[in-house]
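Biologist: Could you take me through a close look at a single part of this protein, the place where its domains meet? I would like to know what is found there and which residues supply it.

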Amino acid sequence: MTDSSPPILRINALTKTFDDFTALHGINLNVRDGEFLAIVGPSGSGKTTLIRILVGMDEPSDGAVWLRGTRIDVVPANKRPTCMVFQSLALFPHRSVGQNIEFPLKLRGVAPAERKARALELLDTLRLPRDYYSKRIQQCSGGEKQRVALARALAFDPEILFFDEPLSALDYRLRKTLEKELKDLHRRTGKTFIYITHSLEEAMVMSDRIAIMKAGRFEQIAPAEEIYARPVSKFVAEFMGEVNFFDLVKGAAPGVALSAAASAALAGQTGTLTIRPESLRKLTAEGVADLSFEGIVTAEYLLGSRIQYRMTLATGQEMIVEVLRENAVEGGIGAALRVGCDLSAAHLIAEAADAAA
Ligand SMILES: Nc1ncnc2c1ncn2[C@@H]1O[C@H](COP(=O)(O)OP(=O)(O)OP(=O)(O)O)[C@@H](O)[C@H]1O
Ligand SMILES: [Mg+2]
């Protein structure tokens, strides 16, 4: 899978309007063959609307969707070669696990013996015991139902599997287990997964790339590390976790002391400097860093092996700092604190980037 391989799915200028409300604003996306793409974004940003169009449950108002070179947005859902949404709620509750898994094969006219053989294989794939074949759906736990639903989705043998928050109703431990299983399943099947979630953590654990959605548009589509280290907007930076912002105007940022080298590098630039709390280190009174900050500690929170501090700078701005426990600030709340970081840890969001959002 490289950037140059042809996309399995190409979304071109897709727009969806409901009466006078625009839910999707001409979005573009290329999904690579075999990729695990997570789509994250706040409630109402258009994630489900997009996936409903991709699987044919809804029609776009404008734009086109191509699957391996075939235009599919004009094809009815049941005639599409491949797409399928995985939803545990869509299982037939009064039928057996086996009947549920075999359903797509039955639709295709596969003979009973072959259907059963395939269903048993899929039970193996999903790590469910083979004697679950004759178990009723009602006798399955929440996690087992999710696995049955997944086995049934795989029985369709789709080219792309779509997921809309499949784990959101499950408890934390089960969610963590299934996250790993889904990732593993993705690796073993080589299928393309498109996975909607509210949970950034889930997206980071599983996906090759994350697409961040805001108000019917993609803000940024990139691997998690890149989105974390080089967000294109303040919205993305905040979505990816706690962050400090400093306005930079023509190379000067109130509250930030710059070394000569940092001053030279930032000369004339305008935008927002973003600095993650854990990129900062404690400095002594004489300590030097490309960027340094001084303030008074106003709060401290223990986070396992790390401690987070809030400090207020002379400018009045509040700053979040995270250090290892062994570097705890003597005196805690009320103490003076100096911290700093390398210029490479401070990402500059150029002025225009956020305005485009
Ligand atoms: N059938 C519809 N008629 C009118 N508006 C709709 C319809 N379906 C969705 N919308 C609107 O489109 C926007 C996007 O909805 P969508 O369900 O795609 O959001 P989402 O990102 O999936 O949110 P969530 O994370 O809460 O599931 C929302 O403002 C929603 O109210
Ligand atoms: Mg939704």
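Modeller: Gladly! In this predicted model, the C-alpha centres of domain 1 and domain 2 lie 40 Å apart. The domain assignment runs from 7 to 233 for domain 1 and from 238 to 355 for domain 2. Where they meet, 14 residues of domain 1 are in contact with eight residues of domain 2.

In terms of area, the two domains bury about 1,000 Å² between them, and 66% of that lies on carbon and sulfur atoms. On the domain 1 side, the residues that lose the most area to domain 2 are Leu200, Tyr228 and Ser233, which together make up 48% of what that side buries.

Now for the polar part of the interface. The count of salt bridges between domain 1 and domain 2 is zero. There are, however, three residue pairs in polar contact across this interface, with both residues of each pair at pLDDT 80 or more.

As for the elements involved, helix 6 (200-206) and helix 7 (224-229) each supply at least two residues of the domain 1 side that touches domain 2. Helix 7 gives the most to that side, with four residues. Sorted by class, the domain 1 side that touches domain 2 has eleven nonpolar residues, two polar residues and one charged residue.

To put the picture together for your own inspection: you could start from Leu200, Tyr228 and Ser233, the residues of domain 1 that lose the most area to domain 2, and then follow helix 7, which contributes four residues to the side of domain 1 touching domain 2.

Key
Residues are numbered from 1 along each chain as its sequence is written. Chains are lettered from A and ligands numbered from 1 in the order in which they are written. This is a predicted model: local features need pLDDT of at least 70, side-chain atom pairs count only at pLDDT 80 or more; totals for chains, interfaces and linings use all residues. Side-chain values use heavy atoms; hydrogens and water are left out. Domain bounds come from an automatic or database domain assignment. Contact means heavy atoms within 4.5 Å. Buried area is the accessible area (1.4 Å probe) that two parts lose on being put together, summed over both. A salt bridge is a side-chain nitrogen of Lys or Arg within 4 Å of a carboxyl oxygen of Asp or Glu. A polar contact is a pair of N or O atoms within 3.5 Å; within protein, one must be able to donate a hydrogen and the other to accept it, and residues adjacent in sequence count only if both atoms are side-chain atoms. Ala, Val, Leu, Ile, Met, Phe, Trp, Tyr, Cys and Pro count as nonpolar, Asp, Glu, Lys and Arg as charged, and the others, Gly among them, as polar.
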